[in-house]
Amino acid sequence: MSAPADFQNEIYLNGLGDALPGLPTDLTRLEALAEGRLSAQAFGYVAGAAGSEATARANREAFDRWRIVPRMLRDVAERDLSVEVLGTPMPAPVLLAPIGVQSILHPDGELATARAAAGTGLPVILSTASSYAMEEVAAAGGDGPRWYQLYWPKDRDLAVSLLDRARAAGYTALVVTLDTFTLAWRPRDLDQAYLPFLRGVGVANYFSDPVFQKAVGGPVTDENRSAALLHWVANFGNPSLTWADLAFLREHWDGPIALKGIQHPDDARRAVDAGMDGVIVSNHGGRQVDGAVASLDALPAVADAVGNRIAVLFDSGVRTGADAAKALALGARAVLVGRPYAYGLALGGEAGVRHVLRCLQAELELTMALAGLTRPAELDLDCLVRG
Ligand SMILES: Cc1cc2nc3c(=O)[nH]c(=O)nc-3n(C[C@H](O)[C@H](O)[C@H](O)COP(=O)(O)O)c2cc1C
Ligand SMILES: CCCCCCC(=O)C(=O)O
C-alpha cells in the first residue's frame, strides 16, 4: 500500500496521540481551533476576505454543487498520485499556496512550513511577503522542491534583484501574482486597523535586498526603518502593469512562469500567447474582489481555453481530499492549498503543517481509490455530476 493509506492505518493502529499532533483529521475544523489560539488581529487577517466575504463563501459553496460518482471493480490496488508540474515532480498534485507574513501565525513561520513541506515532498511556493528572507527559507527546506511567488514591485531593478536571488536560492519556478497590486477592502483588518507589514512583518525579502537597501540609504536600522516602510508602501505593487510587461519577466527568469489570479478564459489565452508556462485559477481565497466568481466556477472555462498547451493549477476553497479531486476533474493539473496549512502552522508549527499535508494527501488518495481511480490523469468530467 502506498504512503498516504499507510498514514490512515498508522492513525487507527497508534491512536491520535502517536500519529497526530492532537489535531483533527477533518481539516474544515481547523479554522475554529485556530481562532482560539491566535490574537483577534492575526486570526482576522488570515481568515478574513474582501468586503462582505461573499466570494470566500462562494468558493466553498461551489464545491458542494459537484458530486463525485464512484465506479466499482476497477482494480485500484496499485495507485500513484505523483505528477510533474512546471518541471517539478511531486508525490501528489498538491502544492502549498504562497502565504505571506506567516510569523503572525507561529514564530518559526515559513521556516516551519518549508521543513514540513520538504518532509512530504510537496512543493512550497514562497511569498515575496514572507516573514523570513527567501535564502533562510530555502536553507530550512533543504532539498524540498520550492517555487518563488513574485509581488512585482514598481522598481524594476528591485524586481530583477528578487528574481536573481530566488534563482540563486534554488527556487525553480516563478509564480507571478496579478490580483494583488494593492490590498482589497478587507473589513476585518480595517476595523482593527491591522496591517502586519506596517509592524515590520512580511518585509524581510525587501529589507534584505541590496537594491532596496541602496534606495533607502543602506541597511535598514532603527534610524531609517520608517523611511524603509514608506518606500515599501510606495513600491509594493504596480497598478500600471499590462500584458506587454510579461516580456520583461521572460527576459529575467529563464525557468517556468505561472500567472496566479486568472479567472477569465481570455486572460488564460493571453497567458499562452505571452509564452507563460502555467496559469493558476484563483481569486486569492476571496480576499481581493468581493462578488467575484467562485474560483471553481471559473476553472472549467479556463481549462477549456488552455487545453493541454500550458499547465492549469487551481486554488481558493480547497479544504478536503474530495475538493482536490473535484478541481482535478474540472481541469486542474494540481491544486494549491492555502488557509488550512496556515491554521496547521498556528496550531502545531511544523508538525501542524505536516499534519494538514498528510491528511489532504491521504484523503485525496482514498477518495480516488474508492471512486475507482488510481491516477490523477483519470479524473475528468465523467467522474462528476452536478449535485
Ligand atoms: C494570510 C494569507 C496570506 C496570503 N498571502 C499571499 C501572498 O503573499 N501571495 C499570494 O500570491 N497569495 C497570498 N495569499 C493567497 C493564497 O496564495 C491563496 O490564493 C489562497 O489562500 C487560496 O485560498 P484558500 O485559503 O481558500 O485555500 C494569501 C492568503 C492568505 C489567507
Ligand atoms: C500590501 C499587500 C500585501 C499582500 C500580501 C499578502 C497577501 O497576499 C494577502 O492576501 O494578505
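**Figure 1. Glu 53 is partly exposed in this predicted model.** Glu 53 has 18 other C-beta atoms within 10 Å. A residue counts as buried at 20 or more such atoms and as exposed at 12 or fewer, so Glu 53 falls in between. The residue sits in the loop between α3 and α4 (54-64). Its backbone stands out too: phi is positive, about 65°, although Glu 53 is not a glycine. Most residues other than glycine have a negative phi.

**Figure 2. Leu 73 is another residue with a positive phi.** Here phi is near 50°, and again the residue is not a glycine. Leu 73 belongs to the loop between β1 (66-68) and β2 (83-85). Is Leu 73 buried or exposed? Leu 73 is exposed, because 6 C-beta neighbours lie inside 10 Å and the limit for an exposed residue is 12 or fewer.

**Figure 3. Ligand 1 sits in a shell of 23 residues.** The closest are Ala 97, Gly 100, Ser 127, Gly 285 and Gly 338. Which elements give two or more residues to this shell? They are the helices α3 (40-47) and α16 (339-370). By class, the shell holds 11 polar, 9 nonpolar and 3 charged residues.

**Figure 4. Ligand 2 has its own set of surrounding residues.** They are Gly 100, Ala 129, Thr 180, Leu 183, Phe 197, Phe 236, His 284 and Arg 287. Of this shell, 4 residues are nonpolar, 3 are polar and 1 is charged. Look for Gly 100 in both views: it is among the closest residues to ligand 1, and it also belongs to the shell of ligand 2.

**Figure 5. His 284 is a buried loop residue beside ligand 2.** Find it in the loop between β9 (278-281) and α14 (295-306). His 284 counts as buried because 24 other C-beta atoms lie within 10 Å, and 20 or more are needed. Leaving aside neighbours within four places in sequence, His 284 is in contact with Asp 179, Thr 180, Gly 261 and Ser 316. One of these partners, Thr 180, also helps surround ligand 2. An unreviewed UniProt entry lists His 284 under "binding site".

**Figure 6. Lys 260 is a buried strand residue.** Lys 260 lies in strand β8 (residues 257-262). Why does Lys 260 count as buried? It has 24 C-beta neighbours inside 10 Å, and 20 or more make a residue buried. Beyond residues up to four places away in sequence, Lys 260 touches Val 175, Val 176, Thr 177, Leu 178, Ile 280 and Ser 282. Lys 260 is also listed under "binding site" in the unreviewed UniProt entry, along with Tyr 45, Tyr 151, Arg 186, His 284 and Arg 287.

**Figure 7. Helices α5 and α6 cross in a right-handed way.** Helix α5 covers residues 109-120, and helix α6 covers residues 134-141. Their axes come within 8 Å and cross at roughly 35°. From α5, the contact uses Glu 110, Leu 111, Ala 114, Arg 115, Ala 117 and Ala 118. From α6, it uses Glu 136, Val 137, Ala 140 and Gly 141. By class, the contact residues are 6 nonpolar, 1 polar and 3 charged.

**Figure 8. UniProt marks one domain at residues 19-387.** The unreviewed entry names it "FMN hydroxy acid dehydrogenase". The end C-alpha atoms of this span lie 35 Å apart. Helix makes up 42% of the span, and strand makes up 12%.

Note on methods: Residues numbered from 1 in each chain as written. Chains lettered and ligands numbered in written order. Predicted model: local features only at pLDDT ≥ 70, side-chain atom pairs only at ≥ 80, totals over all residues. Near = placed C-beta within 6 Å. Helix = DSSP H or I, 4+ residues; strand = E, 2+ residues; numbered from the N terminus. Nonpolar A, V, L, I, M, F, W, Y, C, P; charged D, E, K, R; others polar. UniProt positions renumbered as here; feature names shortened; annotations may be inferred. Axes fitted to C-alpha atoms, helices over the stretch in contact; angles between N-to-C directions. Left-handed = near helix turned anticlockwise from the far one by under 90°. Contact = placed C-beta atoms within 7 Å.
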